[in-house]
Structure formats: C-alpha cells, structure tokens
Amino acid sequence: MSFASCLLVMLGGALGTLARYVMTMLTAPLSRMMPWGTIVGINVVGSFIIGFFSTLTLADGRYPVSDNTRLFVMMGLCGGYTTFSSFSLQTLDLLRSEAWGRALANVTLSVLLCISAVSLGHLLATHLNGQYVQLTQAAEQSDMEGEMEG
C-alpha cells in the first residue's frame, strides 16, 4: 500500500461522496414513498459503472489502465458513491414503520437491479474489448488486496 494509492482512493472517495450527495438531492422528489434515488440513481448506476469499468480496463482489455487508476475509480469513486448504508437504513425505516411490502420491494429491487446493472456493464465492456473476459469478484478483490500490500 503506497501513499500515492491511498491519496488516489481518498480523492476518488471524496468525489464519489460528493456525486452521491448531488444525486440524492436531485432525486429527492422521486423518493417520498420509496427510495428510488438510492435504488436507481445511486446503486444501479454505480453498479453499472463498476461492472463496465472493471471489465473494460483489465490488463488484457481494450483500454487497460494502471492499477492506481483502477483503485481511484473502483475503490474510491464507486466506493464513495455506491455504499449500501443508505439502503440498509432506509429498509430499516420502512420495516420500523411497518411498511413490510415496500421494505421487501426495496431489498428485492436493489439486489436484482444492481446485479443486472453490473452484469450489463460487464457484458458491454466485454463486447467493446472484442472478447469474452471472465470476471469474478474474488479475482478483482485479490488484485486490489495485492496492490494494497505491495
């Protein structure tokens, strides 16, 4: 873990957090009965971005980038933007107000739409790479941990 890598992750996280705040404010009118801003504007969009970027920028992809760039975007920017903390709190609030159906819809939609978005991002980037690239979380996490240790 280098000082430069830490700074890049921190900067990306700050920008991701700012983008999350702006998106939350922009989508507030849509989120009165259901947290649509968090579901779609943050979690689905962020999941698409990380799926697309992680696949498109692999070392054997069409647009490879440095490990530091991947850390900046994936851990920093996306990490600051797409946390599930708001999702968890909003689901708890729905449960506490006995809105069981909306709580279940929030969990179901968030999980299904985000998995679909990360898959779509991966497939689109694979197509742009001109090849099929097998991407697993374990491999990505291992790559990131190796960068942090090295």
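## Ser54 and Thr55 in helix α2

The side chain of Ser54 reaches the backbone oxygen of Ile50 at 2.8 Å. The side chain of Ser54 also reaches the backbone oxygen of Gly51, at 3.3 Å. These values come from a predicted model. Ser54 lies in helix α2, which covers residues 36-56. With a relative accessible area of 4%, Ser54 is buried, because buried means under 20%.

Thr55 is found in helix α2 as well. A polar atom of the Thr55 side chain lies 3.1 Å from the backbone oxygen of Gly51. The backbone oxygen of Gly51 is therefore reached by the side chain of Ser54 and lies 3.1 Å from a side-chain polar atom of Thr55, while Thr55 is buried at a relative accessible area of 0%.

## Overall make-up

The protein chain has six helices and zero strands. Read from the N terminus, its elements run α-α-α-α-α-α. The chain has 150 residues, of which 35% count as buried; Ser54 and Thr55 are two examples of buried residues.

Contacts between residues at least 6 apart in sequence can be sorted by separation. Of these contacts in the protein chain, 75% join residues at least 24 apart.

## Helix α2 against helix α3

Two packed helices are described by the angle between their axes and the distance between the axes. For α2 and helix α3 (residues 67-81), the axes come within 10 Å and cross at roughly 170°. An angle over 145 degrees counts as roughly antiparallel, so α2 is roughly antiparallel to α3.

On the α2 side, the contact is made by Gly41, Ile42, Val45, Gly46, Ile49, Ile50, Phe53 and Ser54. On the α3 side, Thr69, Arg70, Val73, Met74, Cys78 and Tyr81 take part. Ser54 thus belongs to the contact with α3, and its side chain reaches the backbone oxygen of Ile50, another α2 residue in that contact.

## Helix α1 against helix α2

The axes of α1 and α2 come within 9 Å and cross at roughly 135°. That angle makes α1 oblique to α2. The crossing of these two helices is right-handed.

Arg20, Met23, Thr24 and Thr27 in α1 meet Gly37, Gly41 and Ile42 in α2. Gly41 and Ile42 also appear among the α2 residues that make the contact with α3.

## The loop at Glu98

Most residues other than glycine have a negative phi. Glu98 has a positive phi of about 60° although it is not a glycine. Glu98 is placed in the loop between α4 (85-96) and α5 (100-129).

Is Glu98 buried or exposed? Glu98 counts as exposed because its relative accessibility is 58%, and exposed means over 50%.

## Confidence in the model

The protein chain averages a pLDDT of 86, and 86% of the residues score at least 70. Among the elements, helix α1 (residues 3-27) has the highest mean pLDDT, 95. Helix α6 (residues 137-149) has the lowest, with a mean of 49.

Over residues 137-142 the pLDDT is below 50. Beyond near neighbours in sequence, this stretch has five contacts in the model.

Definitions and conventions: Residues numbered from 1 in each chain as written. Predicted model: local features only at pLDDT ≥ 70, side-chain atom pairs only at ≥ 80, totals over all residues. Heavy atoms only, no water. Helix = DSSP H or I, 4+ residues; strand = E, 2+ residues; numbered from the N terminus. Buried < 20%, exposed > 50% of the residue type's maximum accessible area, 1.4 Å probe, protein only. Polar contact = N/O pair within 3.5 Å; in protein donor to acceptor, adjacent residues only side chain to side chain. pLDDT = per-residue confidence, 0-100. Contact = heavy atoms within 4.5 Å. Axes fitted to C-alpha atoms, helices over the stretch in contact; angles between N-to-C directions. Parallel < 35°, antiparallel > 145°, perpendicular 65-115°, else oblique. Left-handed = near helix turned anticlockwise from the far one by under 90°.
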